[in-house]
Amino acid sequence: MEGTSRADGRNPNQLRPFSCTGNPLHRAHGSARWAQGDTVVLAAVYGPKPGTRKGENPEKASIEVVWKPKTGQIGRQEREYEMTLKKTLQSICMLTVHPNTTTSVVLQVVGDDGSVSFHMM
């Protein structure tokens, strides 16, 4: 494959063009638009809101992650994305600063030409 171009004209070791824009969604408390080639994902953060989900520790903040595919129902792969992102956010956020609250992170896949499919494990 060395020296040959891909169908889209890129070299084998060339990445798709990348861009990231902050706060494209005005009703969210924070948001971002990420694009790589024709793959586009919107992320929105809402909260913190009072209360935690059932089964969560009220002495800490709760993080809820929702992954919405471009089309169709949420499947096993999307649930894995949600759980991996939730665990990552829980490990880097100071959950004791706003106890008994929930912050929601919603990701909407707008377009997917292969850059969404990654191994998160």
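This is a short talk on a few strands, turns and backbone oddities in one structure.

Okay, before anything else: what you're looking at is a predicted model. Let's begin with strand 3, residues 39-50.

On one side, strand 3 pairs with strand 2, residues 30-36, in the antiparallel sense, and there are 7 bridges between them. If you want a spot to click on, take Gln-36, whose bridge partner in strand 3 is Thr-39. The hairpin these strands make has 2 residues between them, and Gly-37 there has a positive phi, near 65°.

Strand 3 also pairs with strand 5, residues 101-111. That pairing is antiparallel too, over 9 bridges. Ala-43, for instance, has Leu-107 in strand 5 as its bridge partner.

Now, which residues does the cis peptide bond join? Gly-47 and Pro-48, with omega at about 10°. And Pro-48 sits within strand 3, so to speak on the strand we've just been talking about.

Next, a couple of asparagines. Asn-23 has a positive phi, near 55°, and this is not a glycine. You'll find Asn-23 in the loop between strand 1, residues 18-22, and strand 2. Is Asn-23 buried or exposed? It counts as exposed, because its relative accessibility is 52% and the cut-off for exposed is over 50%.

Asn-100 likewise has a positive phi near 55°. Its loop runs between helix 1, residues 76-92, and strand 5. Asn-100 comes out at 38% relative accessibility, so we call it partly exposed; that label covers what falls between 20% and 50%.

Definitions and conventions: Residues are numbered from 1 along each chain as its sequence is written. This is a predicted model: local features need pLDDT of at least 70, side-chain atom pairs count only at pLDDT 80 or more; totals for chains, interfaces and linings use all residues. Side-chain values use heavy atoms; hydrogens and water are left out. Two strands pair if DSSP finds at least two bridges between them. Helices (H or I, at least four residues) and strands (E, at least two) are DSSP runs, numbered from the N terminus. Buried means under 20% relative accessible area, exposed over 50%, partly exposed in between (1.4 Å probe, protein chains only).
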